[in-house]
Amino acid sequence: MTDLFGFTRSVVKRNYALLSPAGFVASSLPGWANAQVVAVITPVLGARFCQLLVTLGPDGSGTGGGNGQELFVFVLEGSAHVQIGDSTAALATGGYAFLPPGLAYRIAGAAPGTRLLVFQREYTPLAGVAAPEPIFGNEHEVTGAPFLGDEAAMLKLLLPDTPAFDMAVNIFTFQPGATLPFVETHVMEHGMMMIKGQGIYRLDSDWYPVQNGDVVWMGPYCPQWFVATGKETARYIYYKDVNRSVV
Ligand code: UGY
Ligand code: MN
């Protein structure tokens with residue numbers, strides 16, 4: 001909560017949005033029980049995917065699947081059990097699950113106060129390529145690589161970069177003062193959440209201070225750039241649509 005009534009850092013524009021946690025409001029969504037769900041990015045905003053922030057209460061659960069939707073579930077804090085088809089995994093903080101289309105899933109057994117970040121969308125099949133299988137992992141077990149050769153900007157890819165996947169989910173870790181090397185302007189869109197530290201995000205022709213907990217939607221062709229500020233590393237996790245034709 002900000003102390004100043006009538007003030008917010010949140011901004012919603014045609015091709016981007018910055019959403020500060022101070023303005024988050026939960027909605028009740030089918031499939032989530034005993035859970036607070038904030039639909040931070042949705043097609044209603046102009047995006048072609050959903051980004052949800054879920055806080056699971058006692059006996060909280062999320063169920064669904066068996067349709068064309070795919071989900072990427074990341075444990076921001078706490079722990080949870082994820083079951084999909086015949087597979088089950090216990091996810092700790094930093095753990096994640098990719099839940100492909102066509103299989104029923106259940107997320108439950110969460111520690112009190114568990115917080116999840118979910119990216120969700122309709123899977124786009126690719127002719128001749130089978131849809132991915134479920135994946136479980138933990139970001140602590142994923143090795144980062146210097147982004148375009150810069151050791152101060154390390155990038156972890158949480159999903160395989162293969163044609164079966166139509167989404168990528170990555171984590172960037174920036175040392176203080178490190179930047180994206182240039183102002184990117186691309187057809188892919190992003191859903192992003194700051195998970196540590198702070199920095200300045202350029203969105204279109206505007207610059208915004210951002211910090212841990214902030215959410216950003218970058219629509220297609222939204223010029224984007226970041227510099228980590230302050231004295232601690234800055235980290236964000238983000239979604240990107242990949243591997244599908246745009247013509
Ligand atoms: O993958 C990306 O496009 C990434 N470099 N963009 C970003 O961090 N805004
Ligand atoms: Mn980008």
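A residue is taken as buried when its relative accessible area is under 20%. By this criterion strand E20 of the present model, which is a predicted one, is mostly covered, with seven of its eight residues buried. The description below begins with the sheet that contains this strand and then turns to the aromatic pairs, the second sheet, the metal site and the cysteines.

Strand E20 belongs to an open sheet of eight strands, arranged in the order E1-E2-E18-E15-E20-E14-E13-E12 with antiparallel pairing. The edges of this sheet are formed by strand E1 (11-12) and strand E12 (145-147), each of which pairs on one side only. Within the sheet, E20 (residues 234-241) runs antiparallel to strand E14 (residues 167-174), and eight bridges join the two. In this pairing Ile171 stands opposite Ile237 of E20. Strand E20 also pairs with strand E15 (residues 190-196), again in the antiparallel sense, over six bridges. Here Gly191 is the residue that stands opposite Tyr239 in E20. Strands of a sheet pair through backbone hydrogen bonds, either parallel or antiparallel.

The aromatic side chains add further contacts to this region. In total, 16 aromatic pairs were counted in the model. One of them is formed by Phe172 and Tyr236, an edge-to-face pair with a centre-to-centre distance of 5.6 Å and an angle of 65° between the planes. Because Phe172 lies in strand E14 and Tyr236 in strand E20, this pair ties together parts that are 64 residues apart in sequence. Phe172 counts as buried at 2% relative accessibility, and Tyr236 is likewise buried, with a relative accessible area of 2%. Tyr236 also forms an edge-to-face pair with Phe226, for which the centres lie 5.3 Å apart and the planes make an angle of 85°. This second pair links distant parts of the chain, since Phe226 is in strand E19 and Tyr236 in strand E20, ten residues apart. Phe226 is buried as well, its relative accessible area being 0%. Through ring pairs, Phe172, Phe226 and Tyr236 are joined in a cluster that also includes Phe147, Phe174, Tyr201 and Tyr238.

Strand E19, which carries Phe226, is part of another sheet. This open sheet has three strands in the order E17-E16-E19, with antiparallel pairing. Its edge strands are E17 (206-211) and E19 (224-229), each pairing on one side only. On average, neighbouring strands of this sheet are turned by 25° against each other, direction ignored. Strand E16 (residues 198-203) pairs with E17 in the antiparallel sense over six bridges. Leu203 has Asp206 as its bridge partner in E17.

A manganese ion (ligand 2) is bound by four protein residues, namely Glu184 (OE), His186 (NE2), His190 (NE2) and Gln224 (OE1), at 2.1 to 2.3 Å. The spacing of these donor residues in sequence is E-x1-H-x3-H-x33-Q. The site has six donor atoms, and with angles of 77 to 173° among them it is octahedral. Two of the donor residues can be placed by their accessibility. Glu184 is buried, with a relative accessible area of 13%, and His190 also counts as buried, at 4% relative accessibility. The donors connect the metal site to both sheets: His190 falls within the range of strand E15 (residues 190-196), and Gln224 within that of strand E19 (224-229).

No disulfide is present, the count for the structure being zero. For Cys50, which is in no disulfide, the nearest cysteine sulfur is that of Cys222, 19 Å away. A disulfide requires two cysteine sulfur atoms within 2.5 Å, so a separation of this kind leaves the pair unbonded. Cys222 is in no disulfide either, and its nearest cysteine sulfur is that of Cys50. The two residues stand in contrasting surroundings: Cys50 counts as partly exposed at 21% relative accessibility, whereas Cys222 counts as buried at 0%.

Note on methods
Residues are numbered from 1 along each chain as its sequence is written. Chains are lettered from A and ligands numbered from 1 in the order in which they are written. This is a predicted model: local features need pLDDT of at least 70, side-chain atom pairs count only at pLDDT 80 or more; totals for chains, interfaces and linings use all residues. Side-chain values use heavy atoms; hydrogens and water are left out. Donors are N, O and S atoms within 2.8 Å of the metal (3.2 Å for Na, K and Ca); water is not among the atoms, so sites may look incomplete. Four donors count as tetrahedral if all angles lie between 85 and 135 degrees; four count as square planar and six as octahedral if opposite donors are over 155 degrees apart and all others between 65 and 115; anything else is irregular. Buried means under 20% relative accessible area, exposed over 50%, partly exposed in between (1.4 Å probe, protein chains only). Two strands pair if DSSP finds at least two bridges between them. Helices (H or I, at least four residues) and strands (E, at least two) are DSSP runs, numbered from the N terminus. Axes are lines fitted to C-alpha atoms, for helices over the stretch in contact, and angles run from 0 to 180 degrees between N-to-C directions. Rings of Phe, Tyr and Trp (its six-membered ring) pair if their centres lie within 6.5 Å; planes under 30 degrees apart count as stacked, over 60 as edge-to-face and the rest as tilted.
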